[in-house]
Amino acid sequence: MNKIFILFTLVNLFSCASPNQICQQNWQITGFYTPLEYDFKRHNMHQIWLNKKSYDYPLEFVKEVQMEGWGKTNAGWYIGYYANKWHKSHQPLNAKGLPLELGNIAVDNSFIVRNSQVYIATLKPHMGIDTFSAVDVGSAIKRDHIDIYTGEGKQAKLKTYQVTGRHNICINSHLPAPVENLSI
């Protein structure tokens, strides 16, 4: 954890609202969301296998799930794609197998410590919140890149475009995000 904070002190820092925060400029922010099967036309179907059973979904939905991580089926459950395999769940999950929620972010844990709170003031108009919890990781999330979970469906997909860009962030260095509920 100390090497992360040393790294932040060596880079171009800007003024923080609190002495407990470490702030840095120009981070790449992107968004990810959960696609809904019913938002996709039911032509050009694609077969996937889950627990030795086949399911047919619109090809574009399948591709979107592979890109975003999880998608909600018309049956009401979710399919996820990771580790080169399809998975089924009652809700979209983060890398630790816990439910994804608005305000969750995927980060490079060598740059932002897991469960840290990250403040991004410029996102409040788009997300309705400005404090995010670092509870996820992603294979494409490296260094000064944060990926924000924006929710489900077409509106959430539009938010991914709204949050994408360069933003200033502040990391709360003394107050981690709420502890994950491990009883789920």
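The chain has four helices and eleven strands; here helices (H or I, at least four residues) and strands (E, at least two) are DSSP runs, numbered from the N terminus. What you are looking at is a predicted model, in which local features need pLDDT of at least 70, side-chain atom pairs count only at pLDDT 80 or more, and totals for chains, interfaces and linings use all residues. Residues are numbered from 1 along each chain as its sequence is written, and side-chain values use heavy atoms, with hydrogens and water left out.

Let's start with the chain as a whole. Of its 184 residues, 47% count as buried, where buried means under 20% relative accessible area, exposed means over 50%, and partly exposed is in between (1.4 Å probe, protein chains only). The accessible surface comes to about 10300 Å², and 52% of that belongs to carbon and sulfur atoms; these areas come from the Shrake-Rupley method with a 1.4 Å probe, and for residues only the protein chains shown count as cover. Then there are the contacts, meaning heavy atoms within 4.5 Å. Among contacts in the chain with a separation of 6 or more, 64% are between residues 24 or more positions apart.

A good place to go next is strand β11 (165–172). Six of its eight residues are buried, so β11 is largely enclosed by the rest of the structure. Which strands pair with it? Seven bridges join β11 to β1, and the two run antiparallel; strands count as paired if DSSP finds at least two bridges between them. Along that pairing, Q28 stands opposite R166 in β11. Strand β8 (residues 117–119) also pairs with β11 in the antiparallel sense, this time over two bridges, with V118 matched to I171.

β1 and β11 have another link. The structure holds one disulfide, that is, a pair of cysteine sulfur atoms within 2.5 Å, and it joins C23 to C170 with an S to S distance of 2.1 Å. C23 sits in strand β1 and C170 in strand β11, so to speak distant parts of the chain, 147 residues apart. The torsion about the S-S bond is about 110 degrees, so the disulfide is right-handed. Both ends are tucked away: C23 is buried at 1% relative accessibility, and C170 is buried too, with a relative accessible area of 5%. Elsewhere in β1 you'll find N26, which has a positive phi of about 65 degrees although it is not a glycine. N26 is partly exposed, with a relative accessible area of 44%.

Now for the inside. In soluble globular proteins, nonpolar side chains tend to be buried together. The largest nonpolar core here has 17 residues, and those with the most contacts inside it are I112, I120, I146, I148 and I169. A core of this kind is a set of buried Ala, Val, Leu, Ile, Met, Phe, Trp, Tyr and Cys residues joined through side-chain atoms within 4.5 Å. β1, β9 (131–136), β10 and β11 each supply at least two residues of this largest core. A second, separate core has eleven residues, including F40, L50, F61 and I79.

I79 also leads us to a hairpin. Its bridge partner is K88 in β6, and five bridges join β5 (residues 78–82) to β6 (residues 85–89), which run antiparallel. Two residues lie between the strands of this hairpin, where A83 takes a positive phi near 55 degrees. A83 is exposed, at 67% relative accessibility.

Finally, take helix α4 (residues 153–163), whose buried residues are G153, A156, T160 and V163. Why do they line one face of the helix? Seen down the axis of α4, they fall within an arc of 80 degrees, the arc being that of the directions from the helix axis to the C-beta atoms. An α-helix has 3.6 residues a turn, so residues three or four places apart point the same way. The face turned away from the buried side of α4 carries the exposed residues K154, Q155 and Y161. What covers the buried residues of α4 includes β1 (21–34), α3 (124–127), β10 (145–152) and β11. After α4 comes G165, whose phi is positive, near 150 degrees.
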